[in-house]
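Reader: Could you take me through the empty space in this protein, with a close look at the largest pocket? I'd be glad to hear about the enclosed cavities as well.

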Amino acid sequence: MLKRHFIVCGMVYLAGLGACQESEKDPGRVTLHRLNRVEYNNTVRDLLKTELRPADHFPSDDHGYGYDNIADVLAVSPLQVELYHRAAEMLAEDLLRLPGALTFRAEDWDGVAGSRYRGASWSLWDEGRLGVKVPLRASGSYVLVLRAFGVHVGDESPRLRVELGGSTEATLTIDAVADAPGTYEVAFEGVEGEVELALSLVNPYRGTAPQELRRIVIEGTRVEGPLEGLVPSSGREQLVPCSMTHDAWEVCARQVFTSLASRAFRRPVTVGELARLLELVEVALSEGDSPERGLSLGIQAILLSPHFLFRVEVDPEPHRVSPHRLTDYELATRLSYFLWSTMPDEELMTLAEQGKVQTAKVLRGQVKRMLADERAQSLTDNFAGQWLYSRAVLSAEPEPNLFPDFDEELARQMKRESDLYFQEFLTSNQGVDELLVSGFTFLNERLASHYGISGVTGEEFRKVSTEGTVRGGLLSQGAMHTVTSHQERTSIVLRGKWVLTQLLCDEPDPPPPGVESLEDQDQLTGSLRERLAQHRAHPMCASCHEVMDPIGFALENFDAIGKWREQDEGHVIDSSGLFPDGTSFEGPVELAEMVQSREGYHECIAEQLMIYGLGRGPMESDEHWNAEIVASAKKGGGGFQDLITELVLSDVFRSRRGEFGSEGGE
């Protein structure tokens with residue numbers, strides 16, 4: 001580490017890029033940070049007051065260092081850009097509730113034999129048929145608009161049947177030709193919901209020559225309506241409090257764009273940005289559209305801006321290594337997405353405008369306020385859910401013949417237990433020392449029965465004392481046991497690795513190439529402990545397994561779905577463990593006491609919070625920051641609120657450095 005730091009700093013100095021900071025004081029830098037799916041949904045919810053969740057249909061976010069909010073892995077694909085465009089259209093229309101126009105691209109349609117997709121159009125012949133699902137936002141009058149032409153063969157023009165919900169709405173004669181495609185309209189009454197739209201050729205015809213084939217070419221389709229308009233949304237009443245009439249649109253649009261863009265960009269909108277948004281209204285007016293249609297275009301532009309889709313932090317001098325403080329707006333944004341997974345609220349933005357966010361007293365107050373807000377549930381869902389793997393239990397699939405008690409409902413209850421348990425430590429600020437050794441958990445009747453605990457009735461979860469039972473503490477929860485097991489049995493290795501990686505930040509090295517897994521070694525016999533001992537005899541396996549296996553053995557009384565057992569496959573379970581340094585323990589309680597007292601436990605929790613809070617992977621210099629954060633947090637009791645507050649107050653959270661120049665780059 002020191003040798004590498006000396007070389008890099010020397011190159012930076014010789015390149016004339018300024019003095020190099022001490023390595024332990026390096027706050028790092030976060031790549032331009034795209035909003036992930038959760039953050040996008042939460043942000044449009046708070047920005048537009050909408051219940052729509054368009055990001056549910058975006059591609060899954062990649063993970064880095066255990067989390068899905070790591071800037072370096074949140075790439076943008078062409079598909080993502082297209083989905084952003086569709087989401088912007090949908091959100092703007094839902095906000096303004098204008099008589100809409102839903103355009104269907106060629107790729108949206110499904111065709112059967114007798115149809116062909118060519119670029120941006122479809123061709124129909126013989127018994128060709130096209131179908132698409134049309135979501136109608138409300139009951140009312142609609143118009144289907146088609147742009148099409150016919151290939152005229154025989155003694156009549158091709159005719160097109162238009163069906164909605166299986167009933168024929170109209171039959172159109174397509175007399176237009178390729179050189180002059182025509183526009184055709186079909187009026188219909190629609191009911192709110194999804195309806196099937198189908199197009200087919202009515203009068204197919206084939207001549208004697210192969211090229212004599214009557215066809216209809218569909219170049220474009222859209223559905224307009226409801227023509228009566230829609231009931232104004234609650235978001236519109238708040239975000240568009242003025243009239244967009246032809247003679248007053250500019251004042252209103254300026255007011256709407258200034259407020260909306262500033263909130264969406266998480267900083268004041270610039271004069272140039274505002275001018276470009278107003279130009280979109282002028283473009284709409286010049287093409288005969290209404291001022292409100294222009295307002296919709298402006299809102300879509302805001303939602304498609306990189307300043308909305310990305311969390312932007314600017315380096316005033318990008319090639320200088322020296323750290324600099326974030327702006328108040330950037331710090332407010334970091335804080336809000338850390339604790340809430342959404343944009344800063346009005347109070348944070350006002351403090352940023354006043355230049356007060358950097359103040360330690362203000363930051364402490366804001367952390368306390370924000371953690372008490374219901375939006376802090378995102379910290380449980382998105383941080384704890386990934387740190388503790390409780391999210392993953394919803395996709396677990398234990399072998400049903402071996403574990404018939406496991407189903408989706410039990411998985412949800414396991415996740416609920418883990419979420420409520422973390423939430424209790426967060427809200428009460430109970431010391432993280434007790435996270436593994438507490439005498440309580442959260443149960444309802446079914447989960448209590450699964451664990452063999454009596455006296456809990458009803459579907460509601462409540463805090464339950466676990467004194468006198470094998471439960472209590474993080475390491476006794478079914479969610480962790482399930483996600484660290486194979487489908488058909490427990491996994492000593494996965495459980496040991498989970499404890500080392502998630503609680504001690506000491507991830508074992510991957511197995512060397514060519515080494516067989518336990519399942520692949522048919523010659524191994526005896527109990528699981530005995531088979532692993534034979535596997536561990538391989539010199540290349542011993543170094544990692546001698547650390548992982550004892551941890552896994554201590555948890556072996558919990559089966560692959562978290563039930564307590566005394567035997568496995570007829571062998572009495574031996575839950576004792578011995579570390580290479582001589583530390584011995586037996587069973588989950590002694591293991592928990594050993595882990596929470598082990599060096600690096602507190603620093604690992606601080607590191608996990610830092611990775612998630614900053615959205616970047618760990619650096620060697622983070623050891624310095626983590627030690628400072630833990631030391632300061634212990635003075636306040638060492639709970640999650642203390643750790644979070646000290647992280648937010650630290651320079652690693654409030655600062656960043658520029659990227660090394662090309663001459664001295666990393």
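Author: Here is a walk through the largest pocket, followed by the cavities.

This is a predicted model, in which local features need pLDDT of at least 70 and side-chain atom pairs count only at pLDDT 80 or more, while totals for chains, interfaces and linings use all residues. Residues are numbered from 1 along each chain as its sequence is written, and side-chain values use heavy atoms, with hydrogens and water left out.

Rolling a probe the size of a water molecule over the atoms shows where empty space is left. The search runs on a 1 Å grid over the protein atoms alone: a pocket is an open set of points with protein on both sides within 12 Å along at least five of seven lines, whereas a cavity is a set where a 1.4 Å probe fits but cannot get out. Lining residues have an atom within 4 Å of a point. Points are joined across faces, edges and corners, and a volume is the space filled by probe spheres set on them.

Now to the pocket you asked about. The largest pocket has a volume of about 1400 Å³. Its lining counts 44 residues, and R86, E89, M90, E93 and L102 are the closest to its centre. Helices and strands here are DSSP runs numbered from the N terminus (helices H or I, at least four residues; strands E, at least two). The largest share of this lining, seven residues, is supplied by α3. The elements that each give at least two residues are α3 (78–96), β2 (100–104), β6 (129–136), β11 (193–201), β12 (215–225), α6 (271–286) and α7 (291–304). By class, 20 of the lining residues are nonpolar, eight polar and 16 charged. In this scheme Ala, Val, Leu, Ile, Met, Phe, Trp, Tyr, Cys and Pro count as nonpolar, Asp, Glu, Lys and Arg as charged, and the others, Gly among them, as polar.

As for enclosed space, there are three cavities of 30 Å³ or more. The largest cavity holds about 50 Å³, and L388, S390, S418, L474, Q477, A479, M480 and W498 line it. Five residues of that lining are nonpolar and three polar, with no charged ones. The second largest cavity holds about 40 Å³. Among the residues lining the second largest cavity are N36, E39, D68, R391 and Y612, and the lining as a whole divides into two nonpolar, four polar and three charged residues.
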